[in-house]
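User: Can you take me through this one? I want the interface and then a pocket.

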Amino acid sequence: MNAPVRPNDYAAFPDAKGRFGDYGGQYVPETLMPLVHDLDAAYTAAKADPAFQAELDGFLTHYVGRPSPLYFAERLTDHFGGAKIYLKREELNHTGSHKINNCMGQILLARRMGKTRIIAETGAGQHGVASATVCARFGLPCIVYMGAVDVERQKPNVFRMNLLGARVEAVTSGSATLKDAMNEALRDWVTNVHDTYYMIGTAAGMHPYPEMVRDFQAVIGRETRAQVLEIEGRLPDAVVACVGGGSNAIGIFHPFLNDEGVQLIGVEAAGDGMDTDRHAAAINGGRPGVLHGNMTYLLQDREGQITEAHSISAGLDYPGIEPEHSWLHDVGRATYQTATDAESLEAFMLLSKLEGILPAIESAHALARIGDIARDVGKGGVVVLNLSGRGDKDVNTVAAHLGRQI
Amino acid sequence: MTKARIDARFAALKAEGRAAFVPYVMAGDPDAATALKILKGLPAAGADLIEVGFPFSDPMAEGPPIQRAALRALAKGLTLRGTLDPIAAFREGDQTTPIILMGYMNPLVSRGFKDFAREAAEAGVDGMIVVDCPPEEADPLADALEAHGLALIFLTSPTTDDKRLPTVLRRASGFVYYVSVAGVTGVKEADAASVAPNVERIRKASGLPVAVGFGIKTPERAAAIAEVADAVVVGSALVDVVAEAVELNEDVTTRVLSKVDSLAKAVRFARRGLTAV
C-alpha cells in the first residue's frame, strides 16, 4: 500500500466509494449490493433532512437521556497525580451503554425505509439489548444473532433481550463468537432481502455502515467538546476510549479529528498479552484484509484465514476494527495502545472503589491506560475517557476471575 | 490465455445443444488424497466444468454444508498451495476441462492479487468466482487475473435488476453465474420457472453463457434448470455426500462420483425429453 497522506480535513471521509484511504469499501455478495446502495441513498437523504434529525434528537433527549454528563473524576485524578481526568458518562444512557445512540438512529432510518423486520448481531449483548429495546419501542420484530459462547457468558443480557420481546439465536458455526454472529446475520439478510433491516452494532461492515454508525455515535464527541469547553474553557489534551469494533471510540474521536492538539488514544484488548496469540488487538497484532464487507486491520494467519480473537470482554472480542480507525492509525492522527485482561480487571476494581462507578469490562480497558496517559500529560492538563458502558453485566465474569462465588 | 478453455468448452456444448454440468467440490475435503482422487474422477463421471471451493474461515454466503466443508478442510491445514497443487496434478491428465476456483477475498488479498493470479494460472486454473467481490470492488483483482488470462466470473442474483446489470457485466468474461435464490448456498430450492426469464435477460445483456447455482440438489431439479440455463452448478448436495460418506465410513470417492454421474446424466438428457437411467 502507498504511504498514507495526511489530509487537510480529517472529517471529510469516507469518500464517495466509502473509503477512508485504503480502508472501508463494499465487499459483499451481489445479492446484497442493491440493498446496500438503497441503504446508502436512504441514509444520505435522512442525514440531510432536518425532520429526521429533529426526530432523532427528541428521542435522544427524552428516551435515551442525553446529554450524558461529563464528570470530573476527582479521586481517580488524585490517585494518579497527573492531568485532570474527566469521564464521559455513556454508561448512564438508557440500557447502560453508548450502543443505544446508534440503535435509535438506525431504527428511525429503518422505519423511514419501510422495513418491518430487524436483525442484529451482538457480542457482549449490549448492542443486542439496545436493538431489542428500540424494536420494542417501535413495535418491530427483532432477531439477535449471538455466538453460543457469548450466550453462555452473558446470560443476564440474553434474558433482558427476551424480556424486551427479541428472539436470540445462538450461533454455533465457526468459533461461535461475535464474528460468527455477524456472518449469521449477513446470511439472514441475504435470505430475507425484501423486508429486513440489518442493524449493525459497531462501525464495521460495508459502506455506509462505518460512516452511519460513526455519525450516530458522534453525538458523544460533540457533547464532550462543548462540555469540556464550558467547564475548562479549553480543549482536552487527550481523549481516550476502548476499541473493539470501535464505535464508542470513533464517536468520541470524530468531532476532535481536526483539533490536532488533542491526542486521540484508542485502547485495544490484549487478552492474555500481546506476546501471546490470545488477544483481540487488530491494529497492534493484525494486518489489513477484507472481512464483513470492508478492508481493515484484521487478526489473520499467514494464509488470510481469520483467527479467533480472545478477550475477557465479549464486547471487544472481534478480529477486526472499523475501517476509519485503521486509516487514523496509518495517517498517525490517532494512536492505539493495548490493555490485558488482568490490567482491565484491576482498572475495573479501581474505578469501582475510587468513584463508586462499576465500568463495563470493555471500558475498563481504556481505564487501564488512563493513569499513564494522565501522568504523561501532567498536572495542569485535561484528559477525557469515554466510559462507554456500565459494569453490572460483568459482575459474574469478574467474580469468576477473582475465584469468588456469587 | 487459459480462459480460452472455458470459451472452448461452452462452444462445444452449444454445438451439442446441451447444458454443462458443473460440480462444486471443496479443496482438501475430506483429506488431500481423497480430494485429488475425486477431482481426477470428475470428468469421467460427467463434469463439463469443475468448481473447486477455496475455503475461507468466514464464508458469509454459504449455508451449513459448505461452511462445514470449509472448516473440515481448514482443520486439516489446507493452504493456498494445497489448493493449487492438486489442480496442477489434475492438469497433467486433463487439458480440456475448465477449473474455476470459488472463494472469498481475504485469502487473495493476503497472498497479493498479482502473485495469486500467477500461481493460479500456472496450476491450470481458468477462472475465479469471488463471492464477496462485487463489480464495484473488482478492478484490481480483475486486472491481475486478466494479465494471466484468467476469467473473473461475476455473480448476478434475483436482486440484480436491469439498471444494475450493466455494472455487473462490465468486466465479465468466461460465463456469468446466476444465483437462483436470494439466500445462502444449499438451503432454498431453485425454481426453474422464475430462473428462465432471468437467465434469458442476463444472456442477452452479456452475450455470455449463464450458469445457474444455489439451491439445486436433485437430478430432477438439475434437469429442469438444464432446460433453461447454459450450465447447472451443484455444490452443497455433493459436499454433503462427502460428510455423509465419512460419517458412515463408506468410500467417499465412489459415493461422490456416483452422485455426480446421476446429476450429469440428468443434465445431459434434459433437452432431449429423455429421463436419465
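Analyst: Chain A and chain B bury about 2800 Å² between them, with 53% of it on carbon and sulfur atoms. Buried area here is the accessible area (1.4 Å probe) that two parts lose on being put together, summed over both. This is a predicted model, in which local features need pLDDT of at least 70 and side-chain atom pairs count only at pLDDT 80 or more, while totals for chains, interfaces and linings use all residues. Residues are numbered from 1 along each chain as its sequence is written, chains are lettered from A and ligands numbered from 1 in the order in which they are written, and side-chain values use heavy atoms, with hydrogens and water left out.

User: Which three residues supply the most of the area that chain A buries against chain B?

Analyst: E30(A), R187(A) and Q305(A), which supply 24% of that area.

User: How many salt bridges across the interface?

Analyst: The rule (a side-chain nitrogen of Lys or Arg within 4 Å of a carboxyl oxygen of Asp or Glu) finds three. One of them joins R164(B) to E30(A), with the closest N and O atoms 2.7 Å apart.

User: OK, pocket. What lines the second largest one?

Analyst: Its lining includes F10(B), K14(B), R203(B), D230(B) and R271(B). A pocket is an open set of points on a 1 Å grid over the protein atoms alone, where a 1.4 Å probe fits, with protein on both sides within 12 Å along at least five of seven lines; lining residues have an atom within 4 Å of a point.

User: Which helix gives the largest share of that lining?

Analyst: Helix α1 (residues 3–16) of chain B, with four residues; helices are DSSP runs (H or I, at least four residues) numbered from the N terminus.

Conventions
Helix = DSSP H or I, 4+ residues; strand = E, 2+ residues; numbered from the N terminus.
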